[in-house]
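Let's walk through this protein together, beginning at one small spot and then stepping back to see the whole.

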Amino acid sequence: DDGTQLCFNAHGDEEEYKLFFEEFMKSFIKVLEENPNSDNITITQRDIPTWCDCPVCKADFEKYGTDSGNAIKFCNRVSDALDEYLKENNIDRKVNICFFGYHKTTHAPVTRDENGNFKPIYPILFLRIL
């Protein structure tokens, strides 16, 4: 809401989110096409300690205990859309989607199990690692 960080939830507006995601994927795929030998692409946040503070993002923070939940959900959705695009276009390519966990996304949405291993607090927040 303060204009310093992209809202990965489009402020809860479903139609706006659909348009936002479509445009994001067009740009994302264009970057991949322009860089056919690249195996990694980064989705980043602003390089200042800020995060969207709209009601939807605030609710996610309350639910997940960290702003990194928004970034993980978004990266996973991008990963799913990219997998679909690659399959539909018979492209045999592996691309790692990365994001930096710092500033407002330093803390992962995890707990530790009885063996001390990290476990996502919600299955949707399991960041797929290739």
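**Starting at the end of a helix**

Look just past α3 and you will find N90, a residue with a positive phi, near 50 degrees. Please keep in mind that you are looking at a predicted model.

Now step back along the helix itself. Helix α3 covers residues 68–88, 21 residues in total. From the first C-alpha to the last, α3 reaches 30 Å, close to the 30 Å expected at 1.5 Å a residue. Which residues of α3 are buried? At its start you can pick out S68, G69, N70, A71 and I72, and further along come F74, C75, N76, V78, S79, L82 and L86. The buried residues of α3 pack against three elements: α1 (14–34), α2 (55–64) and β2 (96–98).

With those neighbours in view, the overall layout is easier to follow. The protein has 3 helices and 4 strands, and from the N terminus the order is α-β-α-α-β-β-β. Of the contacts with a separation of 6 or more, 75% are between residues 24 or more positions apart.

What about the overall dimensions? The C-alpha trace spans about 40 × 40 × 25 Å along its principal axes. The radius of gyration is 16 Å, which agrees with a compact globule because 130 residues would then give a value near 14 Å.

Finally, turn to burial and surface. Buried residues make up 32% of the 130 residues. The protein exposes about 8,500 Å², with 51% of that supplied by carbon and sulfur atoms. As for charge, there are 15 positive and 23 negative side chains, and the centres of the two sets lie 3 Å apart.

Key:
Residues numbered from 1 in each chain as written. Predicted model: local features only at pLDDT ≥ 70, side-chain atom pairs only at ≥ 80, totals over all residues. Heavy atoms only, no water. Helix = DSSP H or I, 4+ residues; strand = E, 2+ residues; numbered from the N terminus. Rg over C-alpha atoms; globule rule 2.2 N^0.38 Å. Buried < 20%, exposed > 50% of the residue type's maximum accessible area, 1.4 Å probe, protein only. Contact = heavy atoms within 4.5 Å. Areas by Shrake-Rupley, 256 points an atom, 1.4 Å probe, with all protein chains shown as cover. Lys, Arg positive; Asp, Glu negative; His and termini not counted. Charge placed at Lys NZ, Arg CZ, Asp CG, Glu CD. Expected span 1.5 Å × (residues − 1).
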